[in-house]
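Please keep the model open in your viewer, with a selection box ready, and follow the stops in the order given.

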Amino acid sequence: MFLTSTFQKISAIRPLGSNEQMFWLLHRACPGHFSLAIKIDGNIGLSEFQRALNQMQQRHPLLRARIAVNAIGHPWFVEDRNIEKIPLRHVQRQGEQHWQQEVEYELSQPLRASRSPLIRAVLVHAPCVSEIILTCHHAIADGISSTYLIRDILRTLSNPESQLCALPIPLSLEENLPMGILDKFRKNLTHDHNTSFIDSDESEDKPHNFEDYICTSACSLSKEMTAQLISRCRHEQTSVHCAICASFLLTINAQDRTKPTASLLICGTAVDLRRYLKKVDIRDVGVYSFALISSHMIGKRTNFWDLARSLKYQLNE
């Protein structure tokens, strides 16, 4: 229950689930918003794109929300009476790699949970080809739900006369997982997060100065190389995901020459839980993933495929 002077100005949506609460708390210590970019052939009008964003905001409840702490210290998704539109920034496209600079900029800019909406957009525009960039607070969306949001936007742009129906408020992970699955995550899925250290929303205004550390680089594998990688991973009894993680871990370890002969590195893997949920609409914008953590002692003699197999084993466990 909200016992504040702004009670008449806001509408409570629902309390945050533990996964959402975790991202909300982590965001205060280290910004964790993320960006998704897609390239589109053809001319996209700025007003048409803004209209599509407005429709998405009416369709998805969490795109109208911000996060507020109630009288007893629990965070809730709330909706203000006067909802701000999804912010849209428009820039002229300077080349094929220009969108990467805009993603870096978006990730370096704060996204306050106490101000709605918890999403913003960029149109990197040229007459024949453009990039759309969406930046979301992780408490309202994961990567997969963002791709569904992009799909809805593209459908609206291709058929401006269409009207997508409004969706109900998405359930939290705890409300949606069967008890047997929920028990396995019981140690992590708890509402006992300590929020007492948060004095006010102003803690989100502290500068983080991450601009010098954010770097975006896009790359892709050829069809032939992808096939070779899949085949080799099967032979080595691991997965492509684990091979990619192993390559990052070894690279990170090699970059720090001040480390001792062996060091412990932690790797987080997001796992999609949608197939386990009791009730889910794949069109929902929400957080339906869970972070699994693996730990690895890595030294100069660590074998790449041994590390990839260790990742696979720990994730299976």
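Select Lys39 to begin, a residue of strand 2 (34-41), where helices (H or I, at least four residues) and strands (E, at least two) are DSSP runs numbered from the N terminus. Lys39 is partly exposed, with a relative accessible area of 48%; on this scale buried means under 20% relative accessible area, exposed means over 50%, and partly exposed lies in between (1.4 Å probe, protein chains only). This is a predicted model, in which local features need pLDDT of at least 70 and side-chain atom pairs count only at pLDDT 80 or more, while totals for chains, interfaces and linings use all residues. Residues are numbered from 1 along each chain as its sequence is written, and side-chain values use heavy atoms, with hydrogens and water left out.

With Lys39 still selected, add Val124: the two are 85 residues apart along the chain, and their C-alpha atoms are separated by 9.3 Å.

Next come the charged pairs. Side chains of opposite charge can pair when their charged atoms come close. A salt bridge here is a side-chain nitrogen of Lys or Arg within 4 Å of a carboxyl oxygen of Asp or Glu, and by this rule the count comes to 15.

Select Arg59 and Asp152, whose closest N and O atoms are 2.9 Å apart in a salt bridge. Arg59 belongs to helix 2 (residues 46-59) and Asp152 to helix 4, so this pair ties together parts that are 93 residues apart in sequence. Both Arg59 and Asp152 are buried.

Move on to Glu79 and Arg64, which form a salt bridge with the closest N and O atoms 3.4 Å apart. Glu79 sits in strand 4 (residues 75-80) and Arg64 in the loop between helix 2 and strand 3 (65-69), so the pair ties together parts that are 15 residues apart in sequence. Arg64 counts as buried, at 13% relative accessibility.

A further pair to select is Arg89 and Glu106, whose side chains meet in a salt bridge (3.0 Å, N to O). The pair links distant parts of the chain, 17 residues apart, with Arg89 in strand 5 (residues 88-92) and Glu106 in helix 3 (residues 98-108). Arg89 is partly exposed, with a relative accessible area of 25%, whereas Glu106 counts as buried at 3% relative accessibility. Salt bridges that share partners also join Lys39, Arg93, Glu96 and Glu131 into one network, which brings the tour back to its starting residue.

Turn now to the backbone. Most residues other than glycine have a negative phi, and most peptide bonds are trans. Select Ser116 and Pro117, where the peptide bond from Ser116 to Pro117 is cis, with omega near -5°; Pro117 is found in the loop between helix 3 and strand 6 (119-125). Then select Gln237, a residue other than glycine whose phi has a positive value, near 60°. Gln237 lies in the loop between helix 7 (223-235) and helix 8, and is exposed, with a relative accessible area of 63%.

For the largest pocket, select His33, Phe34, His138, Phe248 and Ala270, which lie nearest its centre among the 23 residues that line it. The pocket has a volume of about 1100 Å³. On a 1 Å grid over the protein atoms alone, a pocket is an open set of points where a 1.4 Å probe fits, with protein on both sides within 12 Å along at least five of seven lines, and lining residues have an atom within 4 Å of a point. Grid points are joined across faces, edges and corners, and a volume is the space filled by probe spheres set on the points. Among the elements that each supply at least two residues of the lining are helix 1 (18-29), helix 4 (143-158) and helix 8 (240-255).

On the surface, select Leu264, Ile266, Ile293 and Met297, which form a nonpolar patch with about 440 Å² of accessible area together. Patch members have over 30% relative accessible area and no salt bridge, and nonpolar side chains (Val, Leu, Ile, Met, Phe, Trp, Tyr) are joined within 5 Å; accessible areas come from the Shrake-Rupley method with a 1.4 Å probe. Strand 8 (262-272) and strand 9 (289-299) each supply at least two residues of this patch.

Finish with Glu175, which lies in helix 5 (residues 173-176) and is partly exposed, with a relative accessible area of 42%. Add Leu277 to the selection: Glu175 and Leu277 are 102 residues apart in sequence and 9.0 Å apart in space, C-alpha to C-alpha.

Technical notes: Patches are made of residues with over 30% relative accessible area and no salt bridge: like charges are joined within 9 Å, nonpolar side chains (Val, Leu, Ile, Met, Phe, Trp, Tyr) within 5 Å.
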